[in-house]
Amino acid sequence: MMRAQDAIAAERPDRSSGPAATEFDAIVIGAGVSGLYTLYKLRALGLRVRVFETGTGVGGTWYWNRYPGARFDSESYTYGYSFSPELLEEWDWAERFASQPETERYLNHVADKFDLRRDIRFESRVTTAQYREETRCWEVELEDGSRYRCRFLITAIGVLSAATMPRIPGIGSFLGTSCHTHFWPKEGVAFAGKRVAVIGTGASAIQLIPHVAKAARQLTVFQRTPNWCAPLHNDRIGDEEMRGIRARYPEIFARCNDTPGCFIHAPDPRATHEVTPEEREAFWEKLYGEPGFGIWQGNFRDILVDRAANALVSDFIARKIRQRVKDPAVAEKLIPKNHGFGTRRVPLETGYYEVYNQSNVALVDINETPIECITATGIRTSAAEYEFDIIIYATGFDAITGSFDRIDIAGLGGQRLKDKWRDGPQTFLGILVEGFPNLLMVMGPHAGLGNFPRAAEYSVEWVTGLVRFARDRGLTRIEATQAGVAEWTEHVLATGQGLLMNEIDSWMTGVNRNVEGKQTRKIMRYSGGHPAFREHCDAVAAQGYRRLSLG
Ligand SMILES: Cc1cc2nc3c(=O)[nH]c(=O)nc-3n(C[C@H](O)[C@H](O)[C@H](O)COP(=O)(O)OP(=O)(O)OC[C@H]3O[C@@H](n4cnc5c(N)ncnc54)[C@H](O)[C@@H]3O)c2cc1C
């Protein structure tokens with residue numbers, strides 16, 4: 001019997017310069033959390049769908065990021081899909097914050113359960129997508145030159161999927177082992193007895209570093225910007241606890257839907273200065289001792305908008321770092337000075353600060369002694385030459401628009417999406433773009449971010465609801481209007497005003513010093529909270545999508 005992947009391979013896509021031979025109603029790019037659910041929903045509409053995925057398996061983020069320590073900072077049971085009661089009934093989460101292998105297993109289970117693989121073509125990177133007005137179709141080309149045509153092109157390409165390397169001379173000259181945390185080898189990396197460098201101290205590095213420190217002979221961490229971290233407090237989930245979670249699923253998902261970031265943690269209704277210093281301290285101690293994002297998402301309502309409130313909570317976390325790191329000079333280096341607590345996504349950690357008390361670990365502040373180059377044997381800074389066996393680049397992602405920029409997407413008149421968004425994204429609801437008919441983005445820029453699958457499930461349902469609407473009415477062309485885009489963009493910019501997060505360089509404000517053209521801050525996401533985001537999108541659908549140009 002022919003396996004699904006063989007059947008897909010035998011499709012004989014067109015490689016000539018003529019019109020593309022293989023036609024689909026919809027092409028989805030990406031087989032992560034978003035792409036898998038999009039496929040499930042489109043297939044339920046009876047459409048002919050193909051998913052193209054660069055990786056060799058499903059999972060997206062949870063397929064690629066295999067570095068030791070990679071895990072959720074969302075509670076596992078709030079992260080899983082909510083659409084299938086049967087799936088909720090049969091899946092047991094082993095840990096409060098599942099590790100990468102567990103989440104990859106979960107997403108493979110989903111793909112198997114709903115027989116999704118037969119419509120996914122792996123090792124298939126989409127390089128170009130071009131809209132043809134004469135056919136009202138998209139023509140899509142893969143890296144291997146094969147071409148396909150579809151009516152609807154749906155991107156599910158991730159907000160943190162375009163990994164970036166630092167711009168350091170000599171990267172190619174290193175003779176030891178090197179890798180980026182995102183492209184972690186499936187066979188793993190052996191640190192035992194090795195001299196290891198980690199470049200970067202973002203969320204991935206903070207998860208990875210304690211694992212390297214345990215095994216390596218010597219670990220040297222090269223830090224440019226320290227982050228404010230808080231304890232994860234992970235634990236196993238026993239059978240009884242899982243039974244309790246299962247019974248509370250409707251309540252858990254309802255709560256996530258009510259909070260601005262779709263987490264189970266909601267802001268405390270009090271302002272920081274409304275309580276006494278003693279009450280404040282006790283509240284923060286409690287949050288610091290609890291699992292998950294409570295300290296960030298469940299804190300006083302004003303810590304991310306009021307500078308004085310933010311300074312107080314930052315001081316609380318700074319004191320914690322000083323308590324945990326024995327060498328005061330190292331502790332000071334680990335305390336951020338250029339941004340307040342919570343104004344960047346807070347990495348959750350397990351024993352991160354204590355690592356710097358180990359005799360085999362050193363911290364190098366590259367603001368003081370910049371990296372000059374990578375050499376054949378290690379790293380040279382302005383102050384010293386270091387020898388390493390392994391260099392790990394934990395240098396993050398060209399976030400939110402990076403994965404779009406890596407595809408040559410051309411709309412009406414050959415206009416490039418990358419050019420259109422040069423000064424910042426312009427979208428309608430983070431889903432449609434004027435001049436790019438029939439392109440639908442799941443979790444595109446200017447949509448609400450947060451606990452991802454909660455937001456993504458909604459996004460997929462809205463997008464596939466629109467496709468169903470078009471199919472039922474025989475519509476073949478859907479486009480955002482200029483007025484709709486202008487209004488949404490203005491609204492997104494307005495809701496971003498006054499948020500301390502938007503005054504800070506971070507991936508959330510589109511800044512990546514390693515990517516050309518991404519040095520200035522932009523509003524990249526909708527920050528009015530997910531309940532408000534849904535209200536806007538629901539209203540558009542309820543009015544028969546009148547805000548769109550339909551034909
Ligand atoms: C290390 C890490 C930890 C995280 N932890 C959390 C967490 O705890 N909670 C949370 O809410 N979020 C977390 N996130 C965010 C995470 O990305 C989302 O939770 C979610 O997995 C995104 O799913 P997605 O399907 O939208 O995108 P992704 O999972 O990024 O999948 C996109 C897929 O598209 C594919 N793709 C992209 N471009 C192309 C192309 N041109 N051609 C073909 N295929 C392409 C990629 O290969 C990838 O597999 C984390 C992210 C990272 C990197």
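Start with helix H3 in this predicted model: H3 gives the shell around the ligand its largest share, three residues. H3 spans 61-64, and helix H2, at 33-44, is the other one to select here, since each of the two supplies at least two residues of that shell.

Next, select the whole shell. It holds 32 residues, and those that come nearest to the ligand are Ser-34, Glu-53, Asp-73, Ser-74 and Tyr-79. Coloured by class, the shell shows 15 nonpolar, 13 polar and four charged residues.

Now show the polar contacts of the ligand one by one.

- Asp-73: a polar backbone atom of this residue lies 2.7 Å from an oxygen atom of the ligand.
- Trp-64: an N or O atom of the side chain is 3.1 Å from a ligand oxygen.
- Thr-54: here the partner on the ligand is a nitrogen atom, 3.1 Å from an N or O atom in the side chain.

Switch to a surface view of the ligand. On its own the ligand has 980 Å² of accessible area, and the protein covers 94% of this.

Leave the ligand and select the cysteines. The whole structure contains zero disulfides. Go to Cys-137, which is in no disulfide; the nearest cysteine sulfur belongs to Cys-150 and is 7.0 Å away. Cys-137 is buried, at 8% relative accessible area.

Last, select Cys-373. Why does the sulfur of Cys-373 form no bond with the closest cysteine sulfur? That sulfur, in Cys-179, is 20 Å away, which is too far, because a disulfide requires sulfur atoms within 2.5 Å. Cys-373 also counts as buried, with a relative accessibility of 14%.

How values were computed: Residues are numbered from 1 along each chain as its sequence is written. This is a predicted model: local features need pLDDT of at least 70, side-chain atom pairs count only at pLDDT 80 or more; totals for chains, interfaces and linings use all residues. Side-chain values use heavy atoms; hydrogens and water are left out. A residue is near a molecule or strand if one of its heavy atoms lies within 4 Å of it. A polar contact is a pair of N or O atoms within 3.5 Å; within protein, one must be able to donate a hydrogen and the other to accept it, and residues adjacent in sequence count only if both atoms are side-chain atoms. Accessible areas come from the Shrake-Rupley method with a 1.4 Å probe; for residues, only the protein chains shown count as cover. Helices (H or I, at least four residues) and strands (E, at least two) are DSSP runs, numbered from the N terminus. Ala, Val, Leu, Ile, Met, Phe, Trp, Tyr, Cys and Pro count as nonpolar, Asp, Glu, Lys and Arg as charged, and the others, Gly among them, as polar. Buried means under 20% relative accessible area, exposed over 50%, partly exposed in between (1.4 Å probe, protein chains only).
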